[in-house]
Every structure is written in C-alpha cells, then in structure tokens.
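This report introduces a protein structure to a reader who has not met it before. The sequence and the model are shown first.

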Amino acid sequence: MLQEQEARAAEMERTFIAIKPDGVQRGLIAEIISRFERKGFKLVAIKIVVPSKGFAQKHYYDLKERPFFNGLCNFLSSGPAVAMVWEGEGVIKYGRKLIGATDPQKSEPGTIRGDLAVVVGRNIIHGSDGPETAKDEINLWLKPEELTSYSNNAEKWIYGVN
Ligand code: UDP
Ligand code: MG
C-alpha cells in the first residue's frame, strides 16, 4: 500500500558510518559493507576520502579534552577512509550493535570490532551514536547532492509490507 510505504519511508533513519584508515589498509571494506548490506540496511551514500587533520578534529570535536585526541586525529587523517550513509529502521542504534563496543577487547564475537579488531586505537570503524550526531556527521562528511534516495525491491521482503 502506498500509504504504508510512505509512513515507513518517513520513519527511516540514516546514520553515518566510516571505515577508518586501518580498515581500508587491512582490506576490510567489502567485509564491513557486506555486514550492513546483508542485515537489510540500505547504502545511500559512499565515498573514499583522506580527511585532513583539521577535518578529523571537527569530526572528533567532542573528544578534544581526551588524552588520545591528538593521536586519534593524526590516525584518522593518515590515509583514505570510506564515508558512508546507511538507511533503515533503527539503523543508528542497531548499527552500533553491528559495530560492537569501542574497545575490541570488550566487543562481543560476531560484531565487526569483535571479529576484526584487537585494540581500541585501531578499531577500524566509526558509527554515529545517536540521532543528533548522525545528522551532524552526515552534514560534515557529505554534501546534500552526494546523498541518494531510492526504493529497493528487497524492502517489501525486509519490512514485510507489500
Ligand atoms: N579511542 C581511543 N582510546 C580510548 C577511547 C577511544 O583511541 O581510550 C578512539 C577509538 O578509536 C574510538 C574513538 O576514539 O573509536 C572515538 O571514541 P568514542 O568513545 O566515540 O567511541 P566509538 O563511538 O567510536 O565507539
Ligand atoms: Mg563515538
């Protein structure tokens, strides 16, 4: 039904996900994309960029007082990162579940960091932690024209509305 589809589309959240330079260098781009894709989330923007140090400082602004801030920003700007926007019901919160805890030593097996990373300073992936950060990070990393909006034939099978 059109109305149901429209109502569902209005509920769809978007989150910002980045594969950090360690994930790119370790050849984990496809593996990480695949986990979000197989879950049923929809990729609506993607690009590969080398963030400048200033850009990394903006991205991690909230952590500027932390002792690891400088090293973290040097690291994020050390090579290409993959910037993505994923869309789906509950994608902000569930995206964080797919990613796992910040410290890979504490991430459950089955999560991206649990399965693929070992230390907190090289935890391969970033994901927005709430609706406000998601909006801010999407705006920081992507221009409006880099975002797409499309319907996908699998959606009726993922969401169960025909
Ligand atoms: N980080 C670090 N040392 C710490 C805590 C965090 O190097 O003790 C890094 C780590 O790469 C983490 C990033 O800082 O992903 C951002 O920290 P945050 O607490 O926002 O974790 P996240 O949201 O990425 O799970
Ligand atoms: Mg965070």
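The following paragraphs describe the annotated domain, the annotated binding site and two helices.

**Domain.** The structure is a predicted model. UniProt, in an unreviewed entry, lists residues 12–149 as "domain: Nucleoside diphosphate kinase-like". Over residues 12–149, helix accounts for 41% of the chain and strand for 19%. The C-alpha atoms at the two ends of this stretch are 11 Å apart.

**Annotated binding site.** An unreviewed UniProt entry places the feature "binding site" at Lys-20, Phe-68, Arg-96, Thr-102, Arg-113 and Asn-123. The lining of the largest pocket includes Lys-20, Phe-68, Arg-96, Thr-102, Arg-113 and Asn-123.

Two of these positions, Lys-20 and Arg-96, can be described in further detail. Lys-20 is found in the loop between β1 (13–19) and α2 (21–25), whereas Arg-96 has its place in helix α6, which covers residues 91–99. Their accessibilities are set out below.

| Residue | Relative accessibility | Class |
|---|---|---|
| Lys-20 | 5% | buried |
| Arg-96 | 34% | partly exposed |

Lys-20 counts as buried because its relative accessibility, 5%, is under the 20% cut-off. Arg-96, at 34%, counts as partly exposed, because that class lies between the 20% limit for buried residues and the 50% limit for exposed ones.

Residues up to four places away in sequence are left out of the contacts that follow. Lys-20 touches Tyr-60, Phe-75, Leu-76, Pro-80, Ala-81, Arg-113, Asn-123, Ile-124, Ile-125 and His-126. Among these partners, Arg-113 and Asn-123 also belong to the annotated binding site. Arg-96 is in contact with Gly-127, Ser-128 and Asp-129.

**Asp-22 in helix α2.** Helix α2 contains Asp-22. This residue is buried but has no salt bridge; the nearest side chain of opposite charge belongs to Arg-122 and is 5.3 Å away. Apart from residues up to four places away in sequence, Asp-22 touches Phe-75, Arg-122, Asn-123 and Ile-124. Phe-75, Asn-123 and Ile-124 are also among the contacts of Lys-20.

**Helix α5.** Helix α5 spans residues 69–76, and its buried residues are Phe-69, Leu-72, Cys-73, Phe-75 and Leu-76. Viewed down the axis of α5, these buried residues fall within an arc of 160°, so they line one face of the helix. They pack against α2, α4 (53–59) and α8 (131–141). Phe-75, one of the buried residues of α5, is touched by Asp-22 as well as by Lys-20.

Notes
Residues are numbered from 1 along each chain as its sequence is written. Chains are lettered from A and ligands numbered from 1 in the order in which they are written. This is a predicted model: local features need pLDDT of at least 70, side-chain atom pairs count only at pLDDT 80 or more; totals for chains, interfaces and linings use all residues. Side-chain values use heavy atoms; hydrogens and water are left out. UniProt positions are given in the numbering used here, feature names are shortened, and annotations may be inferred rather than shown by experiment. On a 1 Å grid over the protein atoms alone, a cavity is a set of points where a 1.4 Å probe fits but cannot get out, and a pocket is an open set with protein on both sides within 12 Å along at least five of seven lines; lining residues have an atom within 4 Å of a point. Helices (H or I, at least four residues) and strands (E, at least two) are DSSP runs, numbered from the N terminus. Buried means under 20% relative accessible area, exposed over 50%, partly exposed in between (1.4 Å probe, protein chains only). Contact means heavy atoms within 4.5 Å. Lys and Arg count as positive and Asp and Glu as negative; His and the chain ends are not counted. A salt bridge is a side-chain nitrogen of Lys or Arg within 4 Å of a carboxyl oxygen of Asp or Glu. The arc is that of the directions from the helix axis to the C-beta atoms.
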